[in-house]
Amino acid sequence: VPMPTYADGKFGTAIYLQGVGSIVRWVDKNKTDSPMGFLTTDGKGKPFTTGIWFKMEDTKPVAHILLRRDGGARKGWRIALVRADSKDNETEGNSWKLRMEYGDFKGDPGSQAVTEAFADGGWHHIGVSVAPDESAEKAGDELSNITAVYWLDGQLFDTVHFRTKEVVIEQGSHSIVVGDASTGILDDAFITSGVHTFKK
């Protein structure tokens, strides 16, 4: 597996990743050394906003996993770019969807909107806010209603509603992973509580 290396970033130095297994991971061992403050909460049923800069180098992968929060099988979330125009790793692809996989989701949490922006090999910012609907009554399947709002380069890209079991991440099992299947340069990842908008 190629090891991550440093590269010129959008802001100073960034991380260059080269496909599956090439990752950078932060583990939240205690509240004092967490690189991202939102890791110190359990994340259960709480709104949050996350984002990252990405400069795509390879347009052949079916998906680039940009950022994920682990907490056990189906207990975390991840944001990715997913090919909209092909299901193989052999041909070039110009069309991409944004996708937030959150917990044990049902339906398609990905954007319906499609972009070709990443094919230009330049820097692009992906932002997502996730808001569980705390007021809605749960059905017998105990699924929660989720609203995911996608932003691309500071502009509203798409809003998606789906259902999922609540994300429950136990204290002490937090970790943030940048990359894994991404081929390109990633910079300035963040996670914060609450729902926020982005500016171009």
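Two strands pair if DSSP finds at least two bridges between them. Strands here (E, at least two residues) and helices (H or I, at least four) are DSSP runs, numbered from the N terminus. The model is predicted: local features need pLDDT of at least 70, side-chain atom pairs count only at pLDDT 80 or more, and totals for chains, interfaces and linings use all residues. Residues are numbered from 1 along each chain as its sequence is written, and side-chain values use heavy atoms, with hydrogens and water left out.

**Stop 1: strand E4**

Select residues 48–56, strand E4. Eight of its nine residues are buried (under 20% relative accessible area; exposed is over 50%, partly exposed in between; 1.4 Å probe, protein chains only). Now add strand E9, residues 123–132. E4 and E9 are antiparallel and share eight bridges. Next, show E13, which also runs antiparallel to E4, with eight bridges between them.

Which residues stand opposite lysine 55? Tryptophan 123 does so in E9, and isoleucine 185 does so in E13.

**Stop 2: aspartate 187**

Stay in strand E13 and pick aspartate 187. Its relative accessible area is 9%, so aspartate 187 is buried. Measure from its C-alpha to that of isoleucine 52: the gap is 6.2 Å in space, against 135 residues in sequence. Display the contacts of aspartate 187 (heavy atoms within 4.5 Å), leaving out residues up to four places away in sequence. Among them are Gly9, Lys10, Phe11, Ile52, Trp53 and Trp123.

**Stop 3: the aromatic pairs**

Rings of Phe, Tyr and Trp (its six-membered ring) pair if their centres lie within 6.5 Å; planes under 30 degrees apart count as stacked, over 60 as edge-to-face and the rest as tilted. By this rule there are five aromatic pairs. Select tryptophan 151 and phenylalanine 198: this pair is tilted, with 5.8 Å between centres and 55° between planes. Tryptophan 151 lies in strand E10 (residues 144–152) and phenylalanine 198 in the segment after strand E13 (183–193), so the pair ties together parts 47 residues apart in sequence. Tryptophan 151 is buried at 11% relative accessibility. Phenylalanine 198 is buried too, at 15%.

Add phenylalanine 190. Its ring centre is 6.2 Å from that of phenylalanine 198 and the planes meet at 55°, so this pair is tilted. Phenylalanine 190 is partly exposed, at 27%.

**Stop 4: two more ring sites**

Select Phe48, Trp77 and Tyr102, which form one aromatic cluster. Finish at arginine 83. Its charged end sits over the ring of tryptophan 96, 5.9 Å from the centre. That description requires NZ of Lys or CZ of Arg within 6 Å of the ring centre and within 35 degrees of the ring normal.
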